[in-house]
Amino acid sequence: MIKIITDSTSDINADYAQQLQVDIVPLKVIMNGKEYKDRIDLQAKQFYQLLADNEVLPTTSQPSPQDFLDYYEEAKKNNESVIVITLSGKVSGTYQSACIAKDLAEYDDIFVIDSFNATQGLRLIVEKQFN
């Protein structure tokens, strides 16, 4: 079996991810000193409301290698091949975190792909894996 993993910048919501059987690794959104996991602790509608209510723009933080490693270890335990498709490495360190986690996993059946895209471009690439 092949496990597809992407990150939350793909704009794939939880219901659709479950339908596709795709795992989503969240980026972190930091606003007013509080950290949220994108699409877990903070949904899009809430994000836009916070944005409207605050004068300070939010910042983001890439997932840690451990965030990816947790998914890799589960796949390794289940003897699954893993394809990871991330946000462009030119705009985020997400790809680098996924690669570091691959090295830590000590599992040869993980393939990390830099999509060179964000949001809808990344989503289309992930969806293409199922056509």
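This report covers the nonpolar cores and the pockets of a predicted model.

**Cores**

The largest nonpolar core consists of 14 residues. Phe-68, Tyr-72, Val-82, Val-84 and Ile-110 have the most contacts inside this core. At least two of its residues come from each of four elements: helix H3 (65-77), strand E6 (81-86), helix H4 (94-105) and strand E7 (110-114). H3 contributes the most, with four residues. Another core lies apart from this one and has 10 residues, including Ile-12, Ala-17, Ile-85 and Val-126.

Leaving aside residues up to four places away in sequence, Tyr-72 touches Val-82, Val-84, Ile-110 and Val-112, as well as Ala-98, Ala-101, Lys-102 and Ala-105. Ile-5 is also among the residues that Tyr-72 touches.

**Pockets**

The two pockets compare as follows.

| Pocket | Volume | Lining residues | Lining by class |
|---|---|---|---|
| Largest pocket | about 380 Å³ | 18 residues | eight nonpolar, seven polar, three charged |
| Second largest pocket | about 170 Å³ | 14 residues | eight nonpolar, three polar, three charged |

In the largest pocket, the lining residues closest to the centre are Thr-9, Val-29, Asp-38, Phe-47 and Thr-60. Helix H2 (44-53) and strand E5 (59-61) each provide at least two residues of this lining, and H2 has the largest share, with three residues.

In the second largest pocket, Ile-12, Ala-14, Ile-24, Arg-39 and Ile-40 lie nearest the centre. Helix H1 (14-20) and strand E2 (22-25) each supply at least two lining residues there. The largest share of that lining, three residues, belongs to E2. Ile-12, listed here in the lining, is also a member of the core of 10 residues.

Key: Residues are numbered from 1 along each chain as its sequence is written. This is a predicted model: local features need pLDDT of at least 70, side-chain atom pairs count only at pLDDT 80 or more; totals for chains, interfaces and linings use all residues. Side-chain values use heavy atoms; hydrogens and water are left out. A nonpolar core is a set of buried Ala, Val, Leu, Ile, Met, Phe, Trp, Tyr and Cys residues joined through side-chain atoms within 4.5 Å. Buried means under 20% relative accessible area, exposed over 50%, partly exposed in between (1.4 Å probe, protein chains only). Contact means heavy atoms within 4.5 Å. On a 1 Å grid over the protein atoms alone, a cavity is a set of points where a 1.4 Å probe fits but cannot get out, and a pocket is an open set with protein on both sides within 12 Å along at least five of seven lines; lining residues have an atom within 4 Å of a point. Grid points are joined across faces, edges and corners, and a volume is the space filled by probe spheres set on the points. Ala, Val, Leu, Ile, Met, Phe, Trp, Tyr, Cys and Pro count as nonpolar, Asp, Glu, Lys and Arg as charged, and the others, Gly among them, as polar.
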